[in-house]
Amino acid sequence: SGVCGSTDLLGENLIESISANLFKNNLNLFNLDLSYSSINSIDAFSFSNLERLNSLSLNYLNLVDLPQNSLRNLKKLNFLYLNNNFIRIIKNYTFR
């Protein structure tokens, strides 16, 4: 990763949570697919430094919510996929 326009397919793995610093060195990610993982929590600001991210796939996870600011600063994000999770409420400022 870290290459301009790169894509990371990290789905179908045993990752259970996304910490705020997990992607700090992957500033040039364009597409990120974490679908079909064991992820059940995402920290605030987890994706905030991925300013070039165009597509984020979080399908078929065990998410029950998206923390405020978890998707902050994703100004180029055009596609967000959250299919088949357990999310009931998306809080204010999640996307700011």
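Start with the whole protein chain and follow the elements from the N terminus: they run β-β-β-β-β-β-β-β. That makes eight strands and zero helices, where helices (H or I, at least four residues) and strands (E, at least two) are DSSP runs, numbered from the N terminus.

This is a predicted model, in which local features need pLDDT of at least 70 and side-chain atom pairs count only at pLDDT 80 or more, while totals for chains, interfaces and linings use all residues. Residues are numbered from 1 along each chain as its sequence is written, and side-chain values use heavy atoms, leaving out hydrogens and water.

Next, colour by pLDDT, the predictor's confidence in each residue, from 0 to 100. The chain's mean is 84, with 86% of residues at 70 or more. Among the elements, strand β7 (residues 79–81) has the highest mean, 96, and strand β1 (residues 6–9) the lowest, 53. Where pLDDT is low, the predicted coordinates should not be read in detail.

Now select F47. Its contacts (heavy atoms within 4.5 Å) include I18, F23, L32, L56 and L74, not counting residues up to four places away in sequence.

Then move to N59, in the loop between β5 (55–57) and β6 (65–66). N59 counts as buried because its relative accessibility is 12%; buried means under 20% relative accessible area, exposed over 50%, partly exposed in between (1.4 Å probe, protein chains only). Show its surroundings: leaving aside neighbours within four places in sequence, N59 is in contact with S35, Y36, Y81, L82, N83 and N85. For a last stop, draw the 3.5 Å distance between a polar atom of the N59 side chain and the backbone nitrogen of L82.

Key:
Polar contact = N/O pair within 3.5 Å; in protein donor to acceptor, adjacent residues only side chain to side chain.
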